[in-house]
Amino acid sequence: MPLKELTPDLGTKSLRRVLIIGAPGTFKTTSIIKSFPRPLAILNYPGEGGSAVIPTNEPDLKAWAWEQDPHDFASAKIIDEVEQQTWKILMSGEFKTFAGDGLTKLAALYWNREYQRLLNSYAKQIAEGKVNRDGVPYEEGLKLQAYGNENYGACRDTLRYISRIRHSNIDTVVLTTREGVEAEDKELVGNANRHIFAELPGKLARNIVGEFGVVMRAEVSNVVDPKTGATRSEGVWQIRKGGSVWGVGVKVSPERAEKLPLKVPQDWGRLYQLLTQ
């Protein structure tokens, strides 16, 4: 893709590349269905639950979910099918929004594919019970090696997939992932402050924030109706770093970022207007 002079439209396009992190049951998928632009395509990644909340009777929404073959768990085959379906959706010109639901599960598949590749490459050393230069049995050492970084392994492959989606011509991209907790000082895990990031393998948990224009955390609170006394669940997005939530942020100017609220209702149309007005 050639270099292009930055225009207002190209600048705001990055704000339409969105990652939602959150625990199960925090309306991540539901908020996409209710508030992101239509026509909407949702790809429920293999292993991700929650497809039951996706409607199948709305003409401007199409969804794909994985039905596992009990006799074939080959990660490479699964990833190939996911990628091919993704490219078909992006190139179809049929949709305004692409939603990838369950990045945590997809990243785990990329890791497993790389781990299996390494096991095959070092089968002789493993069979002979050899250890690597750190004194660790090969089979165990390869688990860590499979994570990789931006240049190799599961991290590279996951980022390549995300990059291709981000740079596509589709108007809006939104991915979801579960949240995880990291200790500030890994040497003092028990007593260290703990911070919330995306639940992704290796360095992806922190690096993923830089891949999207908007990274926000979904959460749900119970709200009591002052008139009826009834309790209802209400979803919000945290869009700025605060408290224990560190793995979020919005790529806008410092002046605009300072004026943004810590949390907003789960309404993409209203949030996008707030970010671009």
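Author: Before we start, one cut-off: a residue is buried when its relative accessible area is under 20%, exposed when it is over 50%, and partly exposed in between. And keep in mind that this is a predicted model.

Reader: Fine. What makes Lys 130 buried, exposed or partly exposed?

Author: Lys 130 has a relative accessible area of 42%. That falls between 20% and 50%, so partly exposed is the right label. Glu 128, at 44%, is partly exposed because that value sits in the same range.

Reader: How do you know that Glu 128 and Lys 130 form a salt bridge?

Author: Check the N to O distance, which is 3.2 Å between their side chains. A salt bridge needs a side-chain nitrogen of Lys or Arg within 4 Å of a carboxyl oxygen of Asp or Glu, so this pair makes it.

Reader: Why are Lys 143 and Glu 140 called a salt bridge?

Author: Their N to O distance is 3.3 Å, and the limit is 4 Å, so they qualify. They also share a helix: both lie in H6 (residues 138–147), three residues apart, about one turn of the helix. Lys 143 is partly exposed at 32%, and Glu 140 is partly exposed at 42%.

Reader: What about Arg 232 and Glu 234, how far apart are their closest N and O atoms?

Author: Those atoms are 3.1 Å apart, which is within 4 Å, so this is a salt bridge as well. Arg 232 comes out at 41% relative accessibility and Glu 234 at 31%, so both count as partly exposed. The structure holds 15 salt bridges, and some are linked in a network made of Glu 179, Arg 217, Glu 219 and Lys 263.

Reader: What makes helix H2 mostly covered?

Author: Six of the eight residues in H2 (residues 28–35) are buried. They are Lys 28, Thr 29, Ser 31, Ile 32, Ile 33 and Ser 35, and buried here means under 20%.

Reader: What stands out about the backbone at Phe 27?

Author: Phe 27 has a positive phi of about 70°, though it is not a glycine. Most residues other than glycine have a negative phi, and most peptide bonds are trans. Phe 27 lies in the loop between E1 and H2, and at 30% it is partly exposed.

Reader: Why is the bond between Arg 38 and Pro 39 called cis?

Author: Omega is about 0° there. Pro 39 is found in the loop between H2 and E2.

Reader: What makes up the largest nonpolar core?

Author: That core has 42 residues, with Tyr 45, Phe 98, Tyr 161 and Ile 208 having the most contacts inside it. Several elements give two or more residues, including strand E1 (17–22), helix H3 (75–92) and helix H7 (153–166). H4 gives the most, with nine residues. There's also a second, separate core of 23 residues, with Ile 32, Leu 40, Met 216 and Val 250 among them.

Reader: Which residues does Tyr 161 touch?

Author: Leaving out residues up to four places away in sequence, its contacts include Leu 43, Tyr 45, Val 82, Trp 87, Phe 98 and Tyr 110.

Reader: How much space lies in the second largest pocket?

Author: About 350 Å³. It is lined by 15 residues, and Asp 134, Gly 141, Leu 144, Gln 145 and Tyr 152 are the closest to its centre. The lining divides into six nonpolar, six polar and three charged residues.

Methods: Residues are numbered from 1 along each chain as its sequence is written. This is a predicted model: local features need pLDDT of at least 70, side-chain atom pairs count only at pLDDT 80 or more; totals for chains, interfaces and linings use all residues. Side-chain values use heavy atoms; hydrogens and water are left out. On a 1 Å grid over the protein atoms alone, a cavity is a set of points where a 1.4 Å probe fits but cannot get out, and a pocket is an open set with protein on both sides within 12 Å along at least five of seven lines; lining residues have an atom within 4 Å of a point. Grid points are joined across faces, edges and corners, and a volume is the space filled by probe spheres set on the points. Ala, Val, Leu, Ile, Met, Phe, Trp, Tyr, Cys and Pro count as nonpolar, Asp, Glu, Lys and Arg as charged, and the others, Gly among them, as polar. Buried means under 20% relative accessible area, exposed over 50%, partly exposed in between (1.4 Å probe, protein chains only). Helices (H or I, at least four residues) and strands (E, at least two) are DSSP runs, numbered from the N terminus. A nonpolar core is a set of buried Ala, Val, Leu, Ile, Met, Phe, Trp, Tyr and Cys residues joined through side-chain atoms within 4.5 Å. Contact means heavy atoms within 4.5 Å.
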